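Colleague: Before we discuss the ligand site and the aromatic rings, please show me the model, and then let me ask how each label is justified.

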Amino acid sequence: MTRPLKIGITCYPTYGGSGIVAAELGKELARRGHTVHFIAAALPTRLTELSERLFFHEVEMLDYPLFEYLPYDMALATKQFRVAREYELDLLHVHYAIPHAISAYLAREMLRPHRYLPVITTLHGTDITLVGRDRSYLPITRFGIAQSDGVTAVSQYLRRATCEIFGLGDIRVIPNFINGEEYARRPHPELRERFAPSGEKVLVHISNFRPIKRAPDCVEIFARVVERVPASLIMIGDGPDRARVEWLVERHGLTGRVHCVGKQPNIVDFLSIADLLLLPSEMEAFGLAALEAMACEVPVIASRTGGLPEVVEDGVTGCLLPCGEIAAMAEAVIRLLRDDAQRREMGRRARERALAEFSSERIIPMYEAYYREVLARTSEPQQ
Ligand code: GMT
C-alpha cells in the first residue's frame with residue numbers, strides 16, 4: 001500500500017477560481033487520507049473547516065516604513081520553508097504561477113542543504129495569458145515554471161498557450177473538477193419565489209466582475225431577452241465592473257429584474273433555481289463557473305474562447321458563440337428559455353458530462369498519480 005503524503009498547498013485565498021480549485025483539492029486529498037498544509041495570506045474562502053489532516057499557516061508580514069511595497073513573495077517563501085521543514089512535507093503544490101512558483105523555488109533552495117523539496121505548479125489562466133506574458137513578468141514567470149519539478153495546466157488550451165508564450169513543453173493537463181454530491185440541483189422554492197415570484201425564467205452569472213469576464217455583456221443580453229421572455233437575472237460576485245453593471249441596469253430600466261447579490265457562500269442554491277448560466281468572458285482557461293452550473297443541470301451560454309470548448313459542448317450542454325456577439329447570445333438564450341424540453345435535456349446532459357469527465361473521483365487520482373511520479377523522479381540523485 002502506498003503511504004499517504006504530506007502536501008503543502010499555496011494559493012490566492014479570496015479572489016478567483018484558482019483559490020477555489022486549490023481549496024477543494026486540499027479537502028479532497030484530506031478525505032483520501034493525505035495531510036494538507038495550506039500556506040497562504042488568509043484562510044482560503046472554501047476552506048471552512050480545518051481538521052487533523054487539514055492545516056492552515058498564515059503568511060506573516062512585517063511592515064516597515066522603508067518598505068513602500070511589502071515583500072510578500074519573500075514572506076511566503078520563508079513560511080513555505082518553515083512549514084516544509086517542521087511538518088516534513090513531501091512536496092509543495094502552488095496554484096497560480098505568479099509569485100507562488102518563485103516563492104516555492106526559493107523555499108526549495110533554502111531547504112536544499114537538508115533535503116530536496118519537489119515543487120509542483122498548477123497554471124490557471126491569467127498567470128500565463130495576461131499577467132505572465134506581460135514583459136514586466138515574463139522572464140521571471142518563465143523561470144518559475146521552468147524550475148518547477150512538475151507543471152500542470154487546467155486545460156489543453158492553457159498547455160498550448162504556455163508552450164507558445166514561454167516555449168516550455170513538459171506540462172501535464174489535469175482539468176478542474178467538481179464534487180458531484182455537493183454540486184447537485186436541489187429544490188429551493190423560497191429562493192425561486194424571491195427572485196422569480198411570477199414564474200419568470202432565471203438567468204445567472206457568476207464571476208469576479210473583472211473586465212475579462214465582460215459582466216456588463218450579461219445586462220446587454222438580458223435587456224434583449226426580457227423584451228420577449230419574462231425573466232430575472234442574478235449577478236453573483238463582486239469586482240471592478242460591478243458599478244458599471246449597476247449603472248447599465250438603471251439605464252435599461254431593469255431595476256428589480258436584475259439582482260446584483262454580491263459574493264455568496266452557497267452558489268449551489270442559486271444554481272439550483274437557474275435555467276441558464278451566462279458566461280460571456282473574453283477569455284477563460286477553463287471556466288469553473290460553467291462546470292459548477294453543468295453539475296447543477298444548468299446549460300451554459302458562453303463565449304467560444306480559451307478552454308471553454310473543452311468544458312461546454314456546443315449544442316449539447318450549452319451554446320458557444322463568438323465573444324461580444326450580444327445579439328446572437330440573446331437569441332440563443334431566448335430559444336432555450338422558450339423550449340423547456342430542450343433546455344432540460346441539455347441540463348441533464350450537462351450534469352452527465354460534468355460527472356463523466358470532471359468528477360473529483362476521476363480527477364483527484366490524476367493529481368495523486370502525478371505527485372508520486374514527480375516524487376519518484378526527484379528522489380533520484382540530483383545532479
Ligand atoms: O482569472 C484569473 O485571473 C485567474 C484564475 C483565478 O484565480 O480565478 O482564473 C482562472 O482559473 C480558474 C480555475 O482554474 C479557471 O476556471 C478560469 O477560467 C481562469 N480564468 C481565466 O482564464 C480568465
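Colleague: What makes the pair formed by an oxygen atom of the ligand and a backbone atom of Gly 287 a polar contact?

Modeller: A polar contact is a pair of N or O atoms within 3.5 Å (within protein, one must be able to donate a hydrogen and the other to accept it, and residues adjacent in sequence count only if both atoms are side-chain atoms). The ligand oxygen is 3.0 Å from a polar backbone atom of Gly 287, so the pair meets the 3.5 Å limit. This is a predicted model, in which local features need pLDDT of at least 70, side-chain atom pairs count only at pLDDT 80 or more, and totals for chains, interfaces and linings use all residues. Residues are numbered from 1 along each chain, and side-chain values use heavy atoms, with hydrogens and water left out.

Colleague: How do you know that the ligand lies between two domains?

Modeller: Domain 1 (6–177 + 359–378) and domain 2 (189–357) both contribute residues to the shell around the ligand, so the ligand lies between them; the bounds come from an automatic or database domain assignment.

Colleague: Why is the pair of Phe 55 and Tyr 87 called tilted?

Modeller: Rings of Phe, Tyr and Trp (its six-membered ring) pair if their centres lie within 6.5 Å, and planes under 30 degrees apart count as stacked, over 60 as edge-to-face and the rest as tilted. The search of the whole structure finds 6 aromatic pairs. For Phe 55 and Tyr 87, the centres are 6.0 Å apart and the planes stand at 45°, so the pair is tilted.

Colleague: Why is Phe 195 called buried?

Modeller: Buried means under 20% relative accessible area, exposed over 50%, and partly exposed in between (1.4 Å probe, protein chains only). Phe 195 has 4% relative accessibility, so Phe 195 counts as buried.
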